[in-house]
Every structure is written in structure tokens, then in C-alpha cells.
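The following exercises are to be worked with the sequence and the coordinates at hand. Each task is followed by a solution in steps.

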Amino acid sequence: MKKFLLKAIAVSFTSSLFAQNDKPNVLFIAIDDMRPELNCYGESQIISPNMDRLANEGITFTRAYCQQALCGPSRLSLMTGMHPDGIGNYGMNSSNKIEWRDYRPGVTSLPEQFRNNGYYAEGFGKIYDNRLGIDEGYSWDKFTQGWKGAYSSPRAQEILATADSLIAIGEEPDIIRPAVDFWDTTDETYTDGSNTKLAVEFLQNYIKDEPFFLAVGFSKPHLPFVAPKKYWDLYDRNSIKLPQYANVAPGFTEYTLSPYKEIESYISRSIIDEDKTKELRHGYYACISYVDAQIGKILQALEDKGELQNTIIVLWGDHGFKLGDFGEWAKATNLEIDTRVPFIIRFPKKSMAGTKIATPIELTDIMPTLCDFANIETPSNAEGKSLLPLLCDQNAELRPFALTQYPRNGMAYSIRTQKWRYTEYVDKNTFETREQELYLIRDEILMEEENVEDLYPEEVARLSKMLHDYLETAPRWDGPAIPY
Ligand SMILES: [Ca+2]
């Protein structure tokens with residue numbers, strides 16, 4: 001009955017957006033390691049007019065959470081609509097590149113389902129993490145990764161050569177490879193500009209009868225923070241703010257932060273002082289402005305093609321990133337700053353333009369939502385919820401929490417409700433509780449300020465029960481995990 005009602009709402013909503021029998025195109029934009037620190041999220045430091053325009057013409061989900069704060073599992077979860085436990089993947093490994101499809105042949109991915117329903121799907125850049133495979137032939141009619149070296153400038157080459165010569169004589173360089181770089185060069189010198197050019201050409205030359213599912217995955221602002229100089233020039237280094245919470249919060253357990261110190265594969269932590277912190281943040285912001293400019297080119301190409309009003313545009317990030325927050329330069333935790341992601345949908349005719357929705361939702365919800373709007377059946381492996389009821393009624397009860405997990409101290413599950421972030425570390429097999437954390441998340445801060453587990457035992461008990469009730473029946477892949 002509920003499903004029937006949802007379908008009826010979907011059909012009436014979508015038929016008001018599209019001419020009958022006119023399937024909408026999909027423009028699917030992925031951004032790597034971009035925390036939602038944009039103007040459209042109420043922040044003010046980053047210059048991103050095109051993403052802000054998208055938000056102004058669409059719907060911004062201000063409490064959207066990834067399912068694991070790491071590229072590979074977050075993306076595979078989104079693309080299959082399944083939680084890491086459901087798909088059986090918790091990581092990726094560059095020395096053991098695999099095709100995830102070989103391990104989970106029965107699963108239908110999001111673009112695959114669109115292909116099954118008359119769409120042409122083509123992708124550029126980083127959609128899946130390629131260490132888990134790009135799934136060409138299943139998810140895509142055609143896929144181009146288009147990688148270019150991040151270190152194109154003469155200065156970066158010099159730094160790399162110096163590091164190599166130091167390592168050759170047994171010394172440890174402060175800079176192993178640059179964490180930041182700028183160069184007065186074209187957008188196309190680097191991967192994202194180059195792939196944007198290809199995506200624009202795709203749109204210009206598209207003549208097929210089928211609607212398209214065009215995916216463009218940007219590799220910035222992921223480390224290293226490298227972008228053409230003109231994007232660095234948008235910012236005044238002196239006015240870039242330092243992190244508000246630069247120390248660990250009271251009550252963090254030994255598992256709260258990650259042992260994975262991402263920045264240390266670029267530079268020594270010993271050289272990260274206040275100036276370096278500002279330089280790194282400057283680089284991260286410049287990379288976002290660089291990506292934003294590329295998004296502007298794609299939106300323009302879509303408009304020039306006359307397809308803007310017949311295209312659903314979805315923009316998402318795979319997870320956040322700590323820029324000195326809690327003293328860290330990495331992701332890979334269940335903290336708000338690593339799990340909260342940008343997520344914007346722009347519907348044709350700018351339906352519900354400028355709406356902000358603060359209900360906690362998951363990236364697994366993208367698959368059923370897009371399928372609903374395109375009037376396509378959602379694959380049975382999807383675990384997420386269609387966001388359609390929320391668009392009809394912002395107070396609709398969609399899900400009791402958004403779930404994120406990370407394999408740490410057994411398995412760390414973290415649930416986000418409107419008010420709380422509750423994290424519980426359990427034995428992977430018995431679900432026996434090992435450790436608990438509770439944070440009251442204030443809307444104005446959206447950071448963990450203190451673990452208040454001891455102050456609210458009833459809340460801990462309630463949320464723990466909610467989590468365990470879920471775990472008892474949650475889909476779980478019981479074969480061998482996808483290797484990493
Ligand atoms: Ca990422």
C-alpha cells in the first residue's frame with residue numbers, strides 16, 4: 001500500500017516535470033573529498049558560484065551522510081544503493097586492483113538500471129574508485145578515466161626530484177611530494193579540466209535518441225591540493241580562517257580518530273604550523289573553485305544543447321575531510337566532518353528551487369530517488385529510501401537515522417538523528433558492544449564538541465537499541481568480503 005502510494009506521488013510529481021513519454025536525462029556530478037563548506041550550506045569562505053547556483057535552482061540536503069568515509073566503499077555503496085555490510089566492501093588497495101563486479105555479479109548498479117531502461121550511460125573521471133574497478137560494460141556504455149599527472153609544474157617536478165635524491169641517500173625529506181601546488185596554466189592541464197572538456201564535447205555531439213545518463217567525477221579537492229594559479233588568486237591567504245576546533249574533543253576514545261594519517265604521505269607533520277595550515281586550506285579552497293568553474297562549463301554546455309530543462313542534475317561528495325580540525329588532515333572516521341557530504345538535486349523547471357532539507361539522509365537514497373523520478377523500477381538490491389516523500393512533505397518520517405560505519409575496534413557503527421550522533425563499536429560477529437560514544441550535535445556547529453555518553457545514559461540505551469534492532473535485520477553479505 002505504502003509502495004503504491006509512493007509510486008502514485010512519484011508519477012504525479014514527475015509528470016508535472018516532464019512531457020509525457022519524455023524521459024529526463026541525468027547529469028551525475030561526483031566530487032572527491034569535498035566537505036559541504038559552501039555558501040549554499042551557510043558558509044562564506046569558499047567561492048563556488050556554480051554550485052551555489054545549482055543549489056539556488058534546486059534542493060539542498062543539508063544533513064546528507066556517506067556510508068563510509070573513504071573513497072572506495074562510499075562510492076560503491078552509493079552506486080549500488082547498498083550499505084558496506086550489504087555489498088561486503090570496506091576498503092580498496094592500489095596494489096590489489098580488482099573489479100567489484102567479479103565478486104558481486106548479481107548486483108544492479110544505478111547507471112546499469114538506467115541502461116536497462118533505455119538510457120545511454122557514459123562517464124568521465126572518478127565515479128567508482130578505480131581500485132575497485134570502473135564497471136565498464138555494466139554501469140557504462142563507455143567510461144573514460146582521463147587521468148593526468150597532478151604534478152605538472154616545473155616547481156613540483158623539482159620538489160619531487162629533491163625528495164627522491166634525499167630518499168636515495170637514506171634521509172627523510174620534509175616534503176615527500178607536494179601537498180599543494182599552483183601553476184599559471186590552463187584548466188585542461190590537470191585531470192578535472194581535461195575531463196570537463198571531454199564531457200562538454202559529449203554534450204555538444206550527443207545525437208542519440210535515447211536519454212543520457214552523463215556522469216562526471218572530479219578528482220579535486222582530494223589531496224594534493226593542486227589547481228591552476230587563477231583559482232588560488234581568488235583568495236587572500238591572510239583572511240583564511242584556522243580550524244575552530246583544532247584539538248580533540250573531550251571524551252574522544254582511542255578509536256574516534258583514524259590511524260590513517262593521510263597528509264603524512266605528502267609532507268611531514270612537523271612542518272604544519274599556522275602558516276602551513278593556511279596554505280593547505282588555501283589550496284583546498286582553490287581546488288573547490290577550480291572544480292566549480294568546470295561545473296559551470298558543463299551546465300553551460302547543457303543549456304546550449306537545449307537540454308537543461310529536461311535533465312535532473314545530482315551533485316554529491318563521497319565524504320568530508322579534516323583540514324586541521326581535531327588536529328587531523330584526513331578522513332576515515334565516523335565524525336560529522338568526515339561523514340557529512342554535499343548533496344544537491346536540481347529538477348527540470350527549477351522545481352522547488354532554493355529548498356533546504358535538514359532531515360538526515362544517506363547517499364544510498366540517491367538510487368531509489370533517481371529511479372523514482374525517471375519512473376524506473378528501483379533495483380531490489382537498493383537499501384536506501386526514495387526522498388520523494390520529503391519533497392512532498394518536509395516533515396515526512398523517512399528514516400529514523402542515517403547510518404555510517406567504519407571497520408575499527410571490530411565494526412564502528414554511527415547513527416545520526418536530527419539531534420544526536422551515536423557511535424557504537426561492536427564485535428563484527430556477535431554484535432557485542434565494545435565501546436560507545438554520544439555527541440549532541442548543535443545545528444550551528446555541526447561538530448562533535450564533547451562525548452556526553454556518561455551524561456545521557458537513557459539516550460545511549462535508546463539509540464543503542466535502535467541500532468541493534470536495525471542490525472538484526474539489516475541486509476548483510478555473508479560471502480567473503482570484496483578484497484582490499
Ligand atoms: Ca574521496
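**Exercise 1. Cis peptide bonds**

Task: Locate proline 221 in the predicted model, and determine which residue precedes it across a cis peptide bond. Then treat proline 224 likewise.

Solution. Step 1: Proline 221 lies in the loop between β7 and β8 (225-228). Step 2: The bond that joins lysine 220 to proline 221 is cis, with omega about 5 degrees. Step 3: Proline 224 also belongs to the loop between β7 and β8, and a cis peptide bond links leucine 223 to proline 224, with omega about -5 degrees. Step 4: For context, most peptide bonds are trans.

**Exercise 2. Overall dimensions**

Task: Decide how the radius of gyration of the protein stands against that of a compact globule with 484 residues.

Solution. Step 1: For 484 residues, the globule rule gives a radius of gyration near 23 Å. Step 2: The protein has 22 Å, which agrees with that value. Step 3: Along the principal axes, the C-alpha atoms fill a box of roughly 65 × 60 × 45 Å. Step 4: Of the 484 residues, 49% count as buried. Step 5: Among contacts with a separation of 6 or more, 73% are between residues 24 or more positions apart. Step 6: The secondary structure comprises 14 helices and 17 strands.

**Exercise 3. The sheet of eight strands**

Task: Establish the strand order of the open sheet of eight strands, and identify which strands stand at its edges.

Solution. Step 1: The order is β5-β4-β7-β1-β9-β11-β2-β12, and the pairing is mixed. Step 2: β5 (142-144) and β12 (355-357) each have a single partner strand, so one side of each is left without a neighbour in the sheet; these are the edges. Step 3: On average, neighbouring strands of this sheet are turned by 15 degrees against each other, direction ignored. Step 4: As an instance of parallel pairing, β4 (residues 120-125) is joined to β7 (residues 212-218) by six bridges. Within that pair, phenylalanine 124 has valine 216 of β7 as its bridge partner.

**Exercise 4. A helix across two strands**

Task: Is helix α12 mostly covered or mostly uncovered, and which strands does it lie across?

Solution. Step 1: Helix α12 (residues 366-373) lies across β1 (25-31) and β9 (311-317). Step 2: The direction of α12 is at about 175 degrees to β9. Since an angle over 145 degrees counts as roughly antiparallel, α12 therefore runs roughly antiparallel to β9. Step 3: Eight of the eight residues of α12 are buried, so that the helix is mostly covered. Among the buried residues are Ile366, Leu370 and Phe373, and also Asp372. Step 4: After α12 comes asparagine 375, with a positive phi near 60 degrees.

**Exercise 5. The sheet of four strands and its hairpin**

Task: Describe the pairing in the sheet formed by four strands, and state what phi phenylalanine 431 takes in the hairpin of β16 and β17.

Solution. Step 1: The open sheet has the order β14-β15-β16-β17 with antiparallel pairing. Step 2: β14 (402-406) and β17 are the edge strands, each pairing on one side only. Step 3: Six bridges connect β15 (residues 411-416) with β16, and isoleucine 415 stands opposite tyrosine 422 in β16. Step 4: Seven bridges connect β16 (residues 420-426) with β17 (residues 433-440), and tyrosine 425 has glutamate 435 of β17 as its bridge partner. Step 5: The hairpin of β16 and β17 has six residues between the strands, and phenylalanine 431 there takes a positive phi near 65 degrees. Step 6: Phenylalanine 431 counts as partly exposed because 15 C-beta neighbours lie inside 10 Å.

**Exercise 6. Two helices in contact**

Task: At what angle do α8 and α10 pack, and how far apart are their axes?

Solution. Step 1: Helix α8 (residues 191-205) packs against helix α10 (residues 274-304) at about 5 degrees, and their axes are 9 Å apart. Step 2: This angle makes α8 roughly parallel to α10. Step 3: Contributors to the contact include Val200 and Leu203 of α8 together with Ile298 and Leu302 of α10. Step 4: By class, the contact residues are eight nonpolar, four polar and two charged.

Terms used. Residues numbered from 1 in each chain as written. Predicted model: local features only at pLDDT ≥ 70, side-chain atom pairs only at ≥ 80, totals over all residues. Axes fitted to C-alpha atoms, helices over the stretch in contact; angles between N-to-C directions. Parallel < 35°, antiparallel > 145°, perpendicular 65-115°, else oblique. Contact = placed C-beta atoms within 7 Å. Nonpolar A, V, L, I, M, F, W, Y, C, P; charged D, E, K, R; others polar. Pairing = 2+ DSSP bridges. Rg over C-alpha atoms; globule rule 2.2 N^0.38 Å. Buried ≥ 20, exposed ≤ 12 C-beta atoms within 10 Å, placed from the backbone.
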